[in-house]
Amino acid sequence: MGKFIELHLHLDGAITVDIAKKLAELQKIVLPGTTDEELEKVLTVPEDCNSLNDFLDCFGLPLTLMQTRKGISEAVRLVAENIKSQGVIYAEIRFAPQLHTRKGLTQEEVVLAALEGMKRSELKSNLILCCMRGEGNEPDNEETLKVAKRYLVKDGGVVAVDLAGAEGVYPTSLYEGLFRKASEMGIPFTIHAGEAGSADSVRSAIQYGASRIGHGVRIFEDPEVVEMIRLKEIPLEMCPTSNRITKAISDMSSYPLMDYLKKGIKVTVNTDDMGIENITLADEFEYLKDSFGLTDEQEKDILKNSIEAAFTTDKVKGELKKELGL
């Protein structure tokens with residue numbers, strides 16, 4: 001079995017049928033459907049998904065299962081153990097604390113529960129807290145920054161923040177103030193950009209000071225942005241299966257990952273929402289090999305990019321490179 005690094009994994013998108021059943025049993029929650037097949041239909045996206053917004057509908061049930069301390073902590077532990085069993089040796093798990101407060105938990109309590117779950121897993125992992133694109137949730141996003149700052153570490157906990165949600169509806173340009181604050185607070189960040197939005201969205205993210213770009217698949221629309229990414233050595237957290245399913249790119253035969261790699265862009269490969277897509281990171285690399293002729297040498301380059309892009313210490317990066325023989 002290969003060994004992998006996962007930098008772009010949403011907690012609520014990583015809830016498999018098995019994990020959902022365990023979380024439901026733990027909290028005495030009745031699940032929809034009576035069979036695994038029926039449950040899988042609720043948790044996984046159909047192949048004929050029309051857009052990112054259709055895709056986002058699949059997060060409903062997983063979020064219902066993660067509104068208590070117990071539910072959140074156990075979800076993080078189970079997801080970490082699941083991907084560890086699939087060959088992942090380091091992961092950054094991301095989630096939006098504001099989406100887990102429906103039953104009265106504060107964002108801080110949500111994060112503490114997630115940290116507790118993370119520490120109960122044997123997988124080497126860190127947490128990224130997502131702010132959300134949306135209407136009227138500015139106070140929630142500010143609170144996410146405050147909590148991130150309170151628990152920020154170089155490794156072994158909260159290491160960065162992110163901006164997630166419907167990029168096509170709420171453009172990155174609306175969030176300049178939020179990320180100016182993040183910069184002032186010394187919080188590293190990645191931003192979902194160039195997925196449902198254009199290359200211009202990525203330009204904004206770079207201007208705000210993003211350390212990495214979530215997806216960035218559509219930078220090919222603007223050669224100037226491609227060059228900015230290359231020269232500044234800003235890593236792209238690319239997620240091929242997710243981009244195919246959400247139609248972030250209309251024709252996968254022209255998926256630009258290999259082109260970016262050849263240009264010297266720091267490409268990383270991730271699953272995004274492995275539960276919703278019903279895939280593993282090993283599947284992603286197989287797909288790239290089968291469809292685009294990715295070589296073993298290129299896979300090593302990608303894994304090296306992932307380690308260097310990780311929000312962790314040089315010591316941990318050295319250990320990961322050693323373990324992967326890089």
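This is a short talk on the pockets, one sheet and two loop residues of a predicted model.

Hi everyone, and thanks for having me. Please keep in mind throughout that we are looking at a predicted model.

Let's start with the pockets. The largest pocket has a volume of about 280 Å³. Its lining is made up of 19 residues, and if you want to find the spot on the screen, look for H10, L56, F59, A164 and G165, which lie nearest the centre of this pocket. Which elements give two or more residues to that lining? They are α3, residues 52–56, and β3, residues 124–132. Of these, α3 gives the most, with three residues. As for chemistry, the lining of the largest pocket divides into 11 nonpolar, four polar and four charged residues.

Now to the second largest pocket, with a volume of about 190 Å³. Here I can read you the whole lining: L152, V153, K154, V159, G186, P188, F311, T312 and T313. By type, that lining has five nonpolar residues, three polar ones and one charged one.

Next, the sheet. A quick reminder for those of us who spend more time at the bench: strands of a sheet pair through backbone hydrogen bonds, either parallel or antiparallel. So which sense do we have in the sheet made of β5, β6, β7 and β8? The pairing is parallel, and the four strands form an open sheet in the order β5-β6-β7-β8. At the edges sit β5, residues 190–193, and β8, residues 267–269, each of which pairs on one side only. On average, neighbouring strands here are turned by 30 degrees against each other, ignoring direction.

Let's zoom in on one pair of strands. β5 and β6, the latter covering residues 212–215, are joined in the parallel sense over four bridges. If you click on I191, its bridge partner in β6 is I213.

Last, two lysines with backbone angles worth a look. K28 is not a glycine, yet its phi is positive, at about 55 degrees. Where is K28? It lies in the loop between α1 (17–27) and α2 (36–43). K28 is exposed, with a relative accessible area of 72%.

The other lysine is K247, again a residue other than glycine with a positive phi, this one near 60 degrees. You will find K247 in the loop between α11 (240–245) and α12 (257–262). K247 is partly exposed, and its relative accessible area is 41%.

That's my tour, and I'm happy to go back to any part of it on the screen.

Definitions and conventions
Residues are numbered from 1 along each chain as its sequence is written. This is a predicted model: local features need pLDDT of at least 70, side-chain atom pairs count only at pLDDT 80 or more; totals for chains, interfaces and linings use all residues. Side-chain values use heavy atoms; hydrogens and water are left out. On a 1 Å grid over the protein atoms alone, a cavity is a set of points where a 1.4 Å probe fits but cannot get out, and a pocket is an open set with protein on both sides within 12 Å along at least five of seven lines; lining residues have an atom within 4 Å of a point. Grid points are joined across faces, edges and corners, and a volume is the space filled by probe spheres set on the points. Ala, Val, Leu, Ile, Met, Phe, Trp, Tyr, Cys and Pro count as nonpolar, Asp, Glu, Lys and Arg as charged, and the others, Gly among them, as polar. Two strands pair if DSSP finds at least two bridges between them. Axes are lines fitted to C-alpha atoms, for helices over the stretch in contact, and angles run from 0 to 180 degrees between N-to-C directions. Buried means under 20% relative accessible area, exposed over 50%, partly exposed in between (1.4 Å probe, protein chains only).
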